[in-house]
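Hi,

Here is the structure I promised to pass on. Have a look at it first, and my notes on what turned up are underneath.

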Amino acid sequence: MPTAIEFFKLLPKTNCKDCGQPTCLAFAMLLSNQKASIEDCPHVQQEAKETLAEASAPPVKTVKVGNITMGGETVLYRHERRFDNPIAYAISISDNIGEDAIKERVAHVKSLSFDRIGMIFKVDLISVKCASSDPNTYADAVKLICSEWEDGIILETDNTDCIKAAMEICKDRLPLIYGADDGNVDALVPLAKEYGCALGLICKDMDNAVDLVKKGESLGYSNFILDLSPKNINECLERHTIARRAAIKKKFKPLGYPLMNRVGYGEYAVSTAVISTLKYGSLVIFDDLKSYEALPLFTLRQNIYTDPQVPIQVKQDLYPIGNPDEHSPIMFTTNFSLTYFTVRADIEKSKIPVWLQIVNTEGLSVLTAYSAGKFEPERIVEAFEESGVLNKTDGPVIIPGLVTRMSGKLQEMINRKVIVGTNESRDIPKHLREITSE
Ligand code: SF4
């Protein structure tokens, strides 16, 4: 990524403020931090715009498969900024196993879905494997899968007739065509280009990857995902690292594409997926995945692809717990995920219905948010007004014990009895039972 000064040199330097920034330099700094787009300055010459767009393009190309964005990464290490586009997981289904078995497999893929601290973890794509080599059988399987599955599709075949037959059904989903190698890249690149779809290149090794990419680019297309075909997890780690370092540190464009792995099923498959998740993979296709393998893998992905500078948050909203009524107490806390789920679990333990109001504190916990001025009575009253909770119940408002000092002002502002709650979430059940039995 160019520096702010390099961007600045290409800007008009009139400080006209039309981009919303006080100076061209301020705008250049935003550009270098990827917090603004060159399109926001209406006065940049077309030539400079093209230079800037090229210079600011991520070293790893951004590729779309359906609604999923792959690649587009700019750093080698997550702590340098963040990784932007999480690795996607796919499970394959063969086209020749019969209607009932296909439906069963789709149901299994859908069942690998987990709600974890407010986020849904799930399989992203189904890869339709062409085992029949028959365009009609393949198209029927793709049609059936598309009727049962709303998300992304991979066409796992090198048979151009099968790809064309399947595309008639699923081209709107922008599937990945996975199956190009030395032998058929000339035929598959034009096909991928015709449909505007990404093409998976099966590369024998690093040199072959460079050759295949150059061949594809010479045919006027550059929408690829590279399978570097590692034979074991060491090779996976090594090849992915070499490719990503070459792309980011050396600006070596032929390896600046998202990386993928086609694994089978079992321990080796999961180990490779773990390496790929940790080290620069954008897609793994499994033959199968069990829930006890999927959940840890999804959790690892979530850890790697969260922004280390932004805490995980839940939405500011009113969360009724245990069917609260018009006399139930109101509790409130911050939108830091961990706080929310801890408090929620302790309220549930008490078996006492409560209206739990979550206040947007930008993901900060109670004391930090209070110290930063983001958990003030004004902000809490705003949240109450937005949810209308004070009209839903005449029950008391229970304030977190750590912010007792705001109780007087809050009581005055809402004209409602305010009770000081506990410092620790674990004491909530006992406290709730005590105040509701009074
Ligand atoms: Fe500079 Fe363009 Fe912003 Fe005007 S709109 S201040 S020329 S960057």
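Let's start in helix α9, which spans residues 233–248 and holds both Glu235 and Arg239. The two sit four residues apart, about one turn of the helix, and they form a salt bridge whose closest N and O atoms are 3.4 Å apart. Are these two partners buried or exposed? Glu235 counts as buried because its relative accessibility is 18%, under the 20% limit. Arg239 is buried too, with a relative accessible area of 10%. Do keep in mind that this is a predicted model.

That pair is one part of a longer story, since the structure holds 19 salt bridges. Two others caught my eye for the way they link distant parts of the chain.

Take Asp151 and Lys122: their salt bridge has its closest N and O atoms 2.9 Å apart. They are 29 residues apart in the chain, with Asp151 in the loop between α5 (135–148) and β7 (152–156) and Lys122 in strand β5 (residues 119–122). Asp151 is partly exposed, at a relative accessible area of 30%, and Lys122 also counts as partly exposed, at 31% relative accessibility.

Then there is Lys215 with Asp186, whose side chains meet in a salt bridge at 3.2 Å, N to O. This pair runs from helix to helix: Lys215 belongs to helix α8 (residues 206–218) and Asp186 to helix α7 (residues 185–195), and 29 residues separate them. Lys215 is partly exposed with a relative accessible area of 35%, and Asp186 is partly exposed with 42%.

There is also a network of salt bridges to look at, which links Arg82, Asp84 and Asp307.

Now for the surface. Which residues form a nonpolar patch there? They are Ile5, Leu25 and Met29, and together they have about 260 Å² of accessible area. Met29 lies in helix α2, residues 24–32. Why does Met29 count as partly exposed? Its relative accessibility is 45%, and partly exposed covers the range between 20% and 50%.

One loop is worth a click as well. Asn323 is placed between β13 (318–321) and β14 (330–334). Asn323 counts as exposed because its relative accessibility is 74%, over the 50% limit. Where does Pro353 come in? Pro353 is 30 residues from Asn323 in sequence, yet in space their C-alpha atoms are 5.7 Å apart.

Finally, the view of the whole chain:

- The protein chain has 17 helices and 17 strands.
- Its C-alpha atoms fill a box of roughly 80 × 65 × 40 Å along the principal axes.
- Of its 438 residues, 49% are buried.
- Among contacts with a separation of 6 or more, 65% are between residues 24 or more positions apart.
- The accessible surface comes to about 20,700 Å², and carbon and sulfur atoms account for 49% of that.
- There are 50 positive and 59 negative charges, and the mean positions of the two sets are 5 Å apart.

If you only have a few minutes, I would open helix α9 and look at the Glu235 and Arg239 pair, then go over to the salt bridge between Asp151 and Lys122.

Cheers

Conventions. Residues numbered from 1 in each chain as written. Predicted model: local features only at pLDDT ≥ 70, side-chain atom pairs only at ≥ 80, totals over all residues. Heavy atoms only, no water. Buried < 20%, exposed > 50% of the residue type's maximum accessible area, 1.4 Å probe, protein only. Contact = heavy atoms within 4.5 Å. Areas by Shrake-Rupley, 256 points an atom, 1.4 Å probe, with all protein chains shown as cover. Lys, Arg positive; Asp, Glu negative; His and termini not counted. Charge placed at Lys NZ, Arg CZ, Asp CG, Glu CD. Patch = residues over 30% accessible without salt bridge, like charges linked within 9 Å, V, L, I, M, F, W, Y side chains within 5 Å. Salt bridge = Lys/Arg side-chain N within 4 Å of Asp/Glu carboxyl O.
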